[in-house]
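The following explanation is intended to be read alongside the sequence and the coordinates. Please keep both in view while following the paragraphs below.

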Amino acid sequence: MSEDSDLEKTEPASSRKLEQAREEGDVPRSRELATCTVLLAAGLGMLFTGEGMIRSLNRMLASGLSLEREHAFDESLLMVRLGTLVFDALVAMLPFAGLLLLVAIASPLLIGGWLFTTKSLTPKFSRLNPMSGIGNMFSVRSLVELLKAIGKTLLVGAIAWFVIKGQFEPMLALATEPLQSGSAHLGDMLVTGFIAIVCGLVVIALIDVPYVLWQYASKLKMTKEEVRQESKESDGDPHVKARIRQLQREMAKRRMMSEVPTADVVVTNPTHYAVALKYTEGKMRAPKVVAKGADEVAAKIREIAAENKVALLEAPPLARALYKHAELGDEIPATLYTAVAEVLAYVFQLRAYGQHGGLRPEAPDNVPVPPELDPHNPASQKPDGRMQ
């Protein structure tokens, strides 16, 4: 059952998969939205600029139909006049055409954003497979497109019927109006009806856009196995990374253990913590922590220290404070200088006793440690019980 669930596409597409799809030219696109915006822009453009454009075209048409005698018998002058009229017509239609061009270019930005890629131009011979073509004809997507086409036809037809029905009597009255006013009235009726029909396409677009986004997200969904594989490829295999971290910890532990024989003293808890300190007068400003550990690591530090005749001192509060507040390889905190100085003084006296004999020094039994530095001391805890 778990293998089947891993093969089901239930996970949303990752950002990497979305980027790969975009690089291949696969972005959500709504043809209904693009068609609707272009037609709506055309209707509004005709509503606000159509009157001026038609007047300019009327003047050019009237000018073009009146020819001077020399133009009629001189082909070169006729071609120049024709070129001038065509240029004037293009200038008159330029604002309207520019609006449509701008909307046609900007409409893809509404869904999917702007995209330019040459990968979509690469020929795919799989598209020539007749079996795939037949399968696409009877796919769910084809059924949805058919339903959208039927719905669009019914909606546009219904709106057109209501518009024509509402304008039927004014349309018949156009026959009794003068040519100029009747033409203007007819133009207003056509533009109004056109915009009403386009508003029906807006409804289609509002339904199509969420569907296109849902279909695109469903198409790019990933299986749990794909998510894991992508995570391995991008972040590395977690098992390998865990193994690397383990090896790094082991190497750091070996380096730390190799420093224990050089230590001057190992302060113990006596069983839970062990911190090895080293101080070289004239080379160090303060003693440094060369090794520290808890439980099994602490036992190993004590074992290595005993084998190499490094002094061991039981000072539980100091051991806990050093383990908590002193980092490996760093100098001890200034607040522990007094306590560590007392310990080192004992160690140096013990070393002198071993070399020259005399009275054996007594180990300090109450090393002064500030209460707030000892994790086991109530003074080191906040009112909520957490460590300071």
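**A helix, a strand pair and two cysteines**

Arg-141 is exposed, with a relative accessible area of 53%. The model in which this value was computed is a predicted one. Arg-141 belongs to helix α7, and its C-alpha atom is separated by 9.1 Å from that of Gln-215, a residue 74 residues apart from Arg-141 along the chain.

Helix α7 itself covers residues 140-166, which amounts to 27 residues. From its first C-alpha to its last, α7 reaches 39 Å, close to the 39 Å expected at 1.5 Å a residue. Four residues of this helix are buried, namely Val-144, Lys-148, Ile-159 and Ala-160. An α-helix has 3.6 residues a turn, so residues three or four places apart point the same way. Val-144 and Lys-148 may be inspected with this in mind, both being buried residues of α7.

A nonpolar patch also lies on the surface. Leu-143, Leu-146, Leu-147, Ile-150 and Leu-154 make up this patch, with an area of about 500 Å². Ile-150, one of its members, is placed in helix α7. With a relative accessibility of 42%, Ile-150 counts as partly exposed, because partly exposed denotes the range between the 20% limit for buried and the 50% limit for exposed.

Attention now turns to the strands. Strand β3, residues 265-268, pairs with β6 in the parallel sense, over four bridges. Within this pairing, Val-267 stands opposite Leu-313 of β6. In a regular strand the side chains alternate between the two faces of the sheet. Strand β6, residues 311-314, shows such alternation: Ala-311 and Leu-313 point to one face and are buried, whereas Leu-312 and Glu-314 point to the other face and are not buried. The residue opposite Val-267 is Leu-313, and Leu-313 is on the buried face of β6.

The cysteines remain to be considered. How many disulfides does the structure hold? The number is zero. Why is Cys-36 not bonded to Cys-199? The closest cysteine sulfur to that of Cys-36 is the one in Cys-199, and the two are 8.1 Å apart, which is too far for a bond; a disulfide requires the sulfur atoms to be within 2.5 Å. Seen from the other side, Cys-199 is in no disulfide, and its nearest cysteine sulfur is that of Cys-36. As to their surroundings, Cys-36 is buried, with a relative accessible area of 5%, while Cys-199 is partly exposed, with a relative accessible area of 42%.

Technical notes. Residues are numbered from 1 along each chain as its sequence is written. This is a predicted model: local features need pLDDT of at least 70, side-chain atom pairs count only at pLDDT 80 or more; totals for chains, interfaces and linings use all residues. Side-chain values use heavy atoms; hydrogens and water are left out. Helices (H or I, at least four residues) and strands (E, at least two) are DSSP runs, numbered from the N terminus. The expected span of a helix is 1.5 Å times one less than its number of residues. Buried means under 20% relative accessible area, exposed over 50%, partly exposed in between (1.4 Å probe, protein chains only). Two strands pair if DSSP finds at least two bridges between them. Patches are made of residues with over 30% relative accessible area and no salt bridge: like charges are joined within 9 Å, nonpolar side chains (Val, Leu, Ile, Met, Phe, Trp, Tyr) within 5 Å. Accessible areas come from the Shrake-Rupley method with a 1.4 Å probe; for residues, only the protein chains shown count as cover. A salt bridge is a side-chain nitrogen of Lys or Arg within 4 Å of a carboxyl oxygen of Asp or Glu.
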